[in-house]
Amino acid sequence: MKQKPIDRFTEIIDAIAAPLGLASKDNFSRLSNIKGLEVLLSGLIEEAIPRAPSPSVQAKLRALQNNFTGFGEATAQEQQERIRLGESLLAEMRKMLISRGADESDHHGDIARLLQTSIQYVKGVGPKISQLLKKKGIETIEDALYNLPIRYEDRREIRRVADLKVGDRCVGYAEVIAAGEVVYPKSRRRVYEAILGDDSGFITAKWFQGIKYIRGRLNKGDHVIFCGAVRGYRAQKEIHHPDLEWVEGVEEDSLHFGRIVPVYSETEGLYQRRIRGIMNQVVQNAALKVTSSIPQQMCERCNLMPLSEALCEVHFPQGYLDIERLNLKTSQPHQRLAFEEFFFLELGMALRRRGIAQEMGTSFQITNTPTVGRLLGKLPFTLTTAQERVVEEIKRDMTAPHPMNRLLQGDVGSGKTVVALIASLIAIDNGYQAAVMAPTEILAEQHYFNLREWLREFNIRVVLLTGRIKGKEREGLYRAIMEGEAQLIVGTHALIQEGLSFKQLGLCVVDEQHRFGVMQRARLKRKGTVPDLLVMTATPIPRTLAMTLYGDMEVSVLDELPPGRGPVVTKVFREREREEAYRMVDEAISQGRQAYVVYPLVEESENMDLRDATQGAQRLRRDVFSNYTVGLIHGRMKGDEKEQIMQAFRAGEIQILVATTVIEVGIDFPNATVMVVEHAERFGLSQLHQLRGRIGRGSYSSQCLLMASPRMGKEAWRRLKIMEQTTDGFRIAEEDLAIRGPGEFLGVRQWGLPDFRVANLIRDVRLLQLARQEAFALIDQDPQLSRGEHHPLRDIIQARWQKKLELAAVG
């Protein structure tokens with residue numbers, strides 16, 4: 001990859017500084033051992049001069065070059081003076097690198113260069129500290145500006161120990177009178193205690209965890225700022241796990257006292273006061289020069305404060321002093337920065353949607369689709385009103401001259417698969433191929449068996465392609481797909497591998513989209529000229545997240561379940577109630593029904609989890625349900641093994657199926673009416689809702705029995721109780737998102753979507769909606785961002801999103 005000139009320039013400055021630092025170390029004790037310094041520096045300076053970002057920096061480089069001309073012939077005293085002058089010139093250049101762009105702060109190119117300046121050139125940093133900051137992901141001035149405080153402390157009033165009130169969260173200043181580890185006689189618990197005092201009294205600080213860390217840092221005689229909730233214990237005041245900051249003597253420092261003070265995350269060897277000092281330098285030197293590319297009219301309309309002011313205030317509040325809002329990250333400065341992030345994401349989405357609308361796709365005929373008619377006549381049920389509505393929306397998209405780009409949301413059991421099959425048959429009836437991509441092999445296999453069954457009497461070849469299919473079988477499938485013999489191709493990630501080409505791919509159906517990334521979706525799309533795209537997700541996605549993940553798509557919702565479905569009742573059981581849960585399973589099986597027992601499968605502990613499921617199946621078979629047939633299925637089984645188990649379960653030969661979460665999606669056995677979920681607290685709510693969707697698929701009433709661990713906390717219990725209260729997938733998804741946050745809710749990091757540095761999809765939903773509205777309105781007015789005032793927006797979008805969102809050419 002070609003290196004940026006400014007990056008190489010900073011590397012050269014580092015290379016010049018290194019030998020000078022070595023020569024001057026320990027009062028120049030190594031100077032006589034260093035040879036060839038003049039030649040080395042001359043070459044580096046010659047390379048640096050044409051790369052210098054400004055004439056003034058070039059002038060300093062020439063002065064540096066002159067300073068070392070004839071260095072080898074100089075006396076030892078002269079050499080020392082020249083090295084001192086050289087280091088002084090380098091220090092001046094570093095200052096110039098920090099402040100360059102000041103004369104033209106409104107010039108976006110200069111701002112970009114300023115923000116990309118290495119953090120090591122900030123006063124007080126240098127090469128060693130910059131390596132510590134790199135561990136925190138801070139390499140440039142821009143990284144530092146967006147390294148926001150994790151919280152704020154109100155140090156406008158630092159209380160004396162005597163004035164600390166039990167129940168309050170307070171900030172105090174005290175000396176460490178004594179500190180050491182103690183062992184409580186009754187519990188044998190080890191605790192680190194410190195007596196903190198001032199001239200008004202004493203308070204005991206206690207640490208029950210992290211003893212090794214605090215023991216190595218807290219010493220008698222230290223002066224500390226401490227912050228935390230004050231407790232009472234036998235007429236004494238205590239503070240547990242207080243936040244500490246070391247103070248060198250008694251000082252009145254405007255950066256650390258007498259104000260609302262930012263608190264940053266620390267890293268080993270780099271603690272609070274040092275970080276705060278560095279951040280102050282960054283804010284002083286850079287924040288005021290940063291300007292936003294968002295048009296001024298929009299800023300005024302949305303009541304947005306200047307970006308530079310927001311960056312200053314979010315680090316060192318002076319005008320916005322509501323400590324509660326600052327700590328909740330809902331202050332005006334925080335909201336300003338969040339809007340900036342949301343706006344550029346939504347602008348990318350708006351451009352992508354506009355680009356898709358302008359792409360030329362396939363205009364499918366829907367009047368002459370005999371296979372679709374035959375399928376509808378053969379189905380053992382009639383479509384729901386919601387299914388009919390969504391099919392019409394899909395038909396409208398498929399007849400249009402531009403590609404379909406539609407998200408199909410529906411709760412578990414709402415009938416998305418048959419809708420996807422109808423869309424696939426429209427493409428096939430028009431002479432094209434259709435591909436269905438699923439995130440797991442078992443779901444791909446389930447789709448394959450279901451579709452093959454539905455199309456058994458049709459002259460359509462359905463094939464399955466997964467990573468497990470190798471050798472000649474794989475080659476044969478590749479050939480059938482390339483030559484068009486295979487018309488409906490079902491598979492996993494194997495569908496997007498290099499080397500696989502389709503004869504004429506007309507439709508891509510992607511199931512369980514949030515397990516894929518945007519980039520993977522795009523790679524499948526590229527297998528066709530410009531195929532239509534239908535994305536299905538059985539996990540309802542809250543509107544806030546849908547706007548972010550699918551902001552470029554049209555959305556259809558299946559909001560109606562097929563008639564004749566029996567109710568599903570959910571109940572949470574504690575371990576002591578296990579016998580009652582087993583009694584309910586036994587009762588259902590005695591009535592001719594079947595049951596699932598599900599164990600969690602977490603990647604980090606996959607072997608242990610598989611052992612749990614295997615041992616669980618053995619125990620049920622031997623000790624609990626010895627009069628029934630108990631089967632076991634898990635993801636490591638071969639495809640034909642899994643199919644044999646499924647067929648036996650379908651035929652009623654297995655009454656109880658023990659499974660890992662491989663049954664989470666796609667399995668449809670109406671006779672299965674009971675599900676026991678072991679270690680239910682280890683699942684997310686949306687995953688539990690998915691699992692629950694495997695029962696209640698027939699006319700019988702069903703029970704979902706959630707077994708909770710005895711060590712489960714109150715929060716986990718509250719989550720499981722939500723499952724008892726509702727079967728509404730959208731409400732459950734909202735709760736799940738609120739509890740776990742977007743990253744964990746999605747299960748895996750989304751490719752092609754940002755890690756928001758400030759914005760939060762849950763907290764800042766109103767801002768997201770506003771940013772989306774403004775971004776889409778702007779693209780309506782200027783679809784190519786071709787107006788002069790929008791060129792900076794275009795540059796940012798191209799830099800950030802060109803590849804990730806597969807944007808059509810802009811401008």
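**Close-up 1. A loop arginine, R694, in this predicted model.** Start in the loop that runs between helix α24 (685-692) and strand β21 (702-707), where you'll find R694. Is R694 buried or exposed? With a relative accessibility of 4%, R694 falls under the 20% cut-off, so it counts as buried. Its side chain also has a partner: R694 reaches the backbone oxygen of Q690 at 3.5 Å.

**Close-up 2. The largest nonpolar core.** Here we move to a set of 94 residues. Which of them have the most contacts inside the core? They are L145, L337, F339, F343 and L347. Helix α13, covering residues 332-358, gives the most to this core, chipping in eleven residues. As background, nonpolar side chains in soluble globular proteins tend to be buried together.

**Close-up 3. Who sits around L337?** Leave aside residues up to four places away in sequence, and L337 still touches Y146, L148, L307, A310, L311, V314 and V758. Remember that L337 is also among the residues with the most contacts inside the largest core.

**Close-up 4. A second core, separate from the one around L337.** This one has 43 residues, including V418, L464, L507 and V509.

**Close-up 5. Two buried cysteines, C508 and C704.** C508 has a relative accessible area of 0%, so it is buried. C704 is buried too, at 1%. How many disulfides turn up when the whole structure is searched? The search finds zero. For anyone new to the term, a disulfide is a covalent bond between the sulfur atoms of two cysteines.

Definitions and conventions. Residues are numbered from 1 along each chain as its sequence is written. This is a predicted model: local features need pLDDT of at least 70, side-chain atom pairs count only at pLDDT 80 or more; totals for chains, interfaces and linings use all residues. Side-chain values use heavy atoms; hydrogens and water are left out. A nonpolar core is a set of buried Ala, Val, Leu, Ile, Met, Phe, Trp, Tyr and Cys residues joined through side-chain atoms within 4.5 Å. Buried means under 20% relative accessible area, exposed over 50%, partly exposed in between (1.4 Å probe, protein chains only). Helices (H or I, at least four residues) and strands (E, at least two) are DSSP runs, numbered from the N terminus. Contact means heavy atoms within 4.5 Å. A disulfide is a pair of cysteine sulfur atoms within 2.5 Å. A polar contact is a pair of N or O atoms within 3.5 Å; within protein, one must be able to donate a hydrogen and the other to accept it, and residues adjacent in sequence count only if both atoms are side-chain atoms.
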